[in-house]
Amino acid sequence: MNAPKSPDSITVAAVQMEMRRESTVDDFKAHLADIVRQAVAQGAELVLLPELSTSGLLATHRDVDELTAADMSQAYRDIFPAVTEQVTAIFTSLAAEHGVWLAGGSHWRQAEDGTYRNTAFLAHPDGRLDFQDKLHLTWPEVDLGTTPGDRVALFDVRGIKVAIQTCADIEFAEVTRALVVAGADVVLCPSLTWNSRGATRVASSCLARSVEQQVFVVQSPMIGTSDIPRGAALFGKGYARITVPVDRSFGVNSGVIASADSTNEAVVVATLDIDKGRRSRVDSDSIGMRHARPDLYRDLLIEMAH
């Protein structure tokens, strides 16, 4: 377990996770345990996994080699909701074992109301488990019968306010602005994009949110493929990255303080100076948040609606 650090800083790990065939839940657990150990060995206090980090568990399907794109909706229903309790138990046990916060990317689950959600989980070292449903769905998610979330939450990580915007969610600046106004210090973006265009959209949006909202953004993508389903295999692209506001407070002109440099599985770690991030919003060479004009935006939206 890492020694406690200043409440004004936190060391985060963005995981670039390889999509593998996880033939059993134990295989998935072993994979995650190895990733978390690597992150903790580098000092990480908060570890972020990618969107649909449990994708490899499709390999537990009894007819996995025969699955086609047309079978995916039923396969998701057969596989993922049934292992939700086991998966969340893995998240909470690893968080407790290492004394870290583990954002388990996301998992396709069945909610209490019977709907299916793409849900990101945040496991606390004391055993608590928070969640955030994805708000903005892609067409494949809609085709699977996924229901979008309707709540946005802030989570407390040792006095630091953390939000989760899963993949396409980060492309909607309105939500990030609301979160930052509510006090968000760090936005976590687990992602799964299956081509370079999607990967560019999400990566560019992460950096844009850091620039315009003056907030730290941590992105963790799923990469590679498990060759499921046959003939239309899901394939993940992107690079793990951590971005900061682009101003004199940080002096990082690119806005990127850490990034994976290969297409292999990787863990990228950086320490975020939370106090500096908060100060940058009130004393910065960027026009940023302190020059925002919410009254104008409200009036424009009302005017445009009519």
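Q: How many salt bridges are there in this predicted model, and what makes a pair count as one?
A: The count comes to 15 salt bridges. A pair qualifies when a side-chain nitrogen of Lys or Arg is within 4 Å of a carboxyl oxygen of Asp or Glu.

Q: What makes E265 and R20 a salt bridge?
A: Their closest N and O atoms are 3.5 Å apart, and the cut-off is 4 Å, so the pair qualifies. E265 sits in the loop between β12 (256–259) and β13 (266–273), while R20 belongs to the loop between β1 (9–18) and α1, so this pair ties together parts that are 245 residues apart in sequence.

Q: Why are E265 and R20 called partly exposed?
A: Partly exposed is the class between under 20% and over 50% relative accessible area. E265 has 24% and R20 has 34%, so each of these values falls in that class.

Q: How do you know that E51 and K134 form a salt bridge, and which parts does the pair tie together?
A: The closest N and O atoms of E51 and K134 are 2.9 Å apart, to be set against the limit of 4 Å. E51 is in the loop between β2 and α2, and K134 is in the loop between β5 and α4 (139–143), so the pair ties together parts that are 83 residues apart in sequence. Both E51 and K134 are buried.

Q: What makes R279 and D275 a salt bridge, and where do they lie?
A: With the closest N and O atoms 2.3 Å apart, the pair meets the 4 Å criterion. Both residues lie in helix α7 (residues 274–280), four residues apart, or about one turn of the helix. R279, at 42% relative accessibility, is partly exposed, and D275, at 29%, is partly exposed too.

Q: Which residues are linked in a network of salt bridges?
A: R109, D113, R117 and D133 are linked in this way.

Q: Why is L52 called buried?
A: Buried means under 20% relative accessible area, and L52 has 12%, so it is buried. L52 is in the loop between β2 (46–48) and α2 (72–79), and has a positive phi of about 50° although it is not a glycine.

Q: Why does D26 count as exposed?
A: Exposed means over 50% relative accessible area, and D26 is at 59%, so it counts as exposed. D26 is in helix α1 (residues 25–41).

Q: What makes M304 exposed, and which patch does it help to make?
A: M304 has 69% relative accessibility, and the cut-off is over 50%, so it is exposed. Together with L296, Y297 and L300, M304 makes a nonpolar surface patch of about 400 Å². M304 itself is in helix α8 (residues 294–305).

Q: What makes β4 and β5 a pair of strands?
A: Pairing needs at least two bridges, and strands β4 (residues 116–123) and β5 (residues 129–133) pair in the antiparallel sense over five bridges. One of the bridge partners in β5 is Q132, which matches A120. The hairpin has five residues between the strands, and G127 there takes a positive phi near 100°.

Q: How do you know that the chain is as compact as a globular protein of its length?
A: The chain has eight helices and 13 strands. Its radius of gyration is 19 Å, close to the 19 Å given by the globule rule for 306 residues, so the chain is as compact as a globular protein of that length.

Terms used. Residues numbered from 1 in each chain as written. Predicted model: local features only at pLDDT ≥ 70, side-chain atom pairs only at ≥ 80, totals over all residues. Heavy atoms only, no water. Patch = residues over 30% accessible without salt bridge, like charges linked within 9 Å, V, L, I, M, F, W, Y side chains within 5 Å. Areas by Shrake-Rupley, 256 points an atom, 1.4 Å probe, with all protein chains shown as cover. Helix = DSSP H or I, 4+ residues; strand = E, 2+ residues; numbered from the N terminus. Buried < 20%, exposed > 50% of the residue type's maximum accessible area, 1.4 Å probe, protein only. Rg over C-alpha atoms; globule rule 2.2 N^0.38 Å.
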